[in-house]
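Dear colleague,

Please find below the structure that I am handing over to you. A summary of the findings follows it.

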Amino acid sequence: MYRVLIVDDETIERKGLHKIISDQYPSVVIEEAENGRMALLKAEQFRPDVVFMDIKMPGIDGVEAAREIKKMNESVQIIMVTAFDTFEYARQVMKIGVKDYILKPSSREEIIDPLAKIFNQIEEERVKRTEEIILKDNYRRALSIVQSRVITSMLMDGSSRESVFELEWEENFQKESFIMVFEFQTAKNEKIISIHDIMNFLQAELNHFFPNHFIGEDKMNRLPVLIQVGKRESNQKIGVRDLAVTCGKEIIKKVQSFYPNYNLSIGIGRVYNEIEKFVQSYHEALFALSSLKQPNTCEYYNQHLKSKPTEGTIAYPYQSEKLLLETITSGDKEKVATRYRKYMEELTYYCEQRNETVEEKLSEFIVLLDRQIIDSGISLQTSLDCQSISQFQDKLVQIANHIYMMYYSKNQDVMLVAKDYIIEHYEKALTLEEVAEVVQLSPQYFSKIFKERVGSSFIDYLTELRVEKAKDLMRSKGISVKEVCYEVGYKDPNYFSRVFKKHTGISPSDYRSNIK
């Protein structure tokens, strides 16, 4: 849509121009002004794309009005309208950037032709500006993504130098810096904020305290941020540490205000001036984060130095390792992220933030996981090998999801299959090994997940089912207790009676008598 302003002190001239333009271009918005002063007011409010300006008007003439309108908006296109075909007028209007003028009286073609050229020119400029904006936006987005990946690689994979050198960004990062890790959590059934919105929110808030920062990639609801300490922050009286904590607390306040159903916890590492040490600041931030006792709090690593155990007294996190292995192999995908984080935090602390030692221990973890998966009879279509720590956590989630889809989905829930099979075959000499074979799991693994899912062991579930079926038979059929015993899968009537009494409190005979 285009906007046209017609300026002429003669009403009949204005109305004639108005009709010719609106007939040719019905969607064009047209305003009129009867003199130069009104033209300036209209131009400021209306912001026209094209102005038809009469030169000879009382008061402020067309040349002066055109000059002032050009000052307001350089891109506006002006077509001068005059009854005088003189070189002097042409020279004056050319000076102020007017590229066309028409003589009164004008034919329809003499008005429409220059206007059409201007509209085409405006459209081309708009397309060009849009393309430039899109190009710049795409460049900023691409640069942001690359920077996020470099930061993530730097902090999690220990490949900082290689990534930075490849992109020739060493001078961008070789500055005093520290890491803040932001962990977002939400209540169940709450609408999840997109990671893009979270990053935009953090970007805006961090700019108030630390304008130079780089946000890494989201990993399990955690965003690492590399904060560069500039001269402004270094000169602050309260110091970088206190400024970082103040920044964290302010951001938490904003989150509680704007997103009341979200919790935000923040861990902060120490300041280092070497790229290789930034990974240490990252692990310190993770450790500070893991020490938090409640959500919506912020912690700086230095506060823990005095209480740090002496070398050699830190125990390996066997319990966390065991829980994580069980969570993955049982396909409990909801708990994998939480237990992985706990294990990694304890492992990192145990390894004293040494990446090489962490990777060595993770290799041992892979061997244990691989063995448990094989023992469980789980068939994986993916390799457990991965190239980096950040890939490792993604791989564990992928494995847990795979197991969940294999054994917990509605279409193929092994527990439903197992329970249906038990109900159909309870009257036979049914064993745990037989049912495990039906659902293609090892007996040990099947026994474990059966108890987790059903809430009772396989034998207790089968016994309870047989006792309930025995009750039904005694209520509805005129058969003996001995026959009931055989009907529900027992071969020894005496053993059946003991089992029945243990579960109901009375013998089968007494139960039948009570029914009568």
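In this predicted model, D54 is in contact with V7, D8, D9, G62, V81, T82 and K104, leaving aside residues up to four places away in sequence. D54 itself belongs to strand β3, which covers residues 50-54. Its relative accessible area is 3%, and because a residue counts as buried under 20%, D54 is classed as buried. The UniProt annotation for D54, taken from an unreviewed entry, reads "modified residue: 4-aspartylphosphate".

A second element to note is helix α11, formed by residues 278-290. With 13 residues at 1.5 Å a residue, α11 should span 18 Å, and its end C-alpha atoms lie 19 Å apart, so the expected and computed spans agree. The helix is mostly covered, with 11 of its 13 residues buried. At the start of α11, the buried residues include F278, V279, S281 and Y282. The others in the buried set are H283, E284, A285, L286, F287, A288 and L289.

With regard to the protein chain as a whole, 22 helices and 10 strands make up its secondary structure. The chain has 516 residues, of which 46% count as buried. Among contacts with a separation of 6 or more, 66% are between residues 24 or more positions apart. The exposed area of the chain is about 28,100 Å², and carbon and sulfur atoms supply 49% of that area.

Yours sincerely

Notes
Residues numbered from 1 in each chain as written. Predicted model: local features only at pLDDT ≥ 70, side-chain atom pairs only at ≥ 80, totals over all residues. Heavy atoms only, no water. Helix = DSSP H or I, 4+ residues; strand = E, 2+ residues; numbered from the N terminus. Buried < 20%, exposed > 50% of the residue type's maximum accessible area, 1.4 Å probe, protein only. Contact = heavy atoms within 4.5 Å. Areas by Shrake-Rupley, 256 points an atom, 1.4 Å probe, with all protein chains shown as cover. Expected span 1.5 Å × (residues − 1). UniProt positions renumbered as here; feature names shortened; annotations may be inferred.
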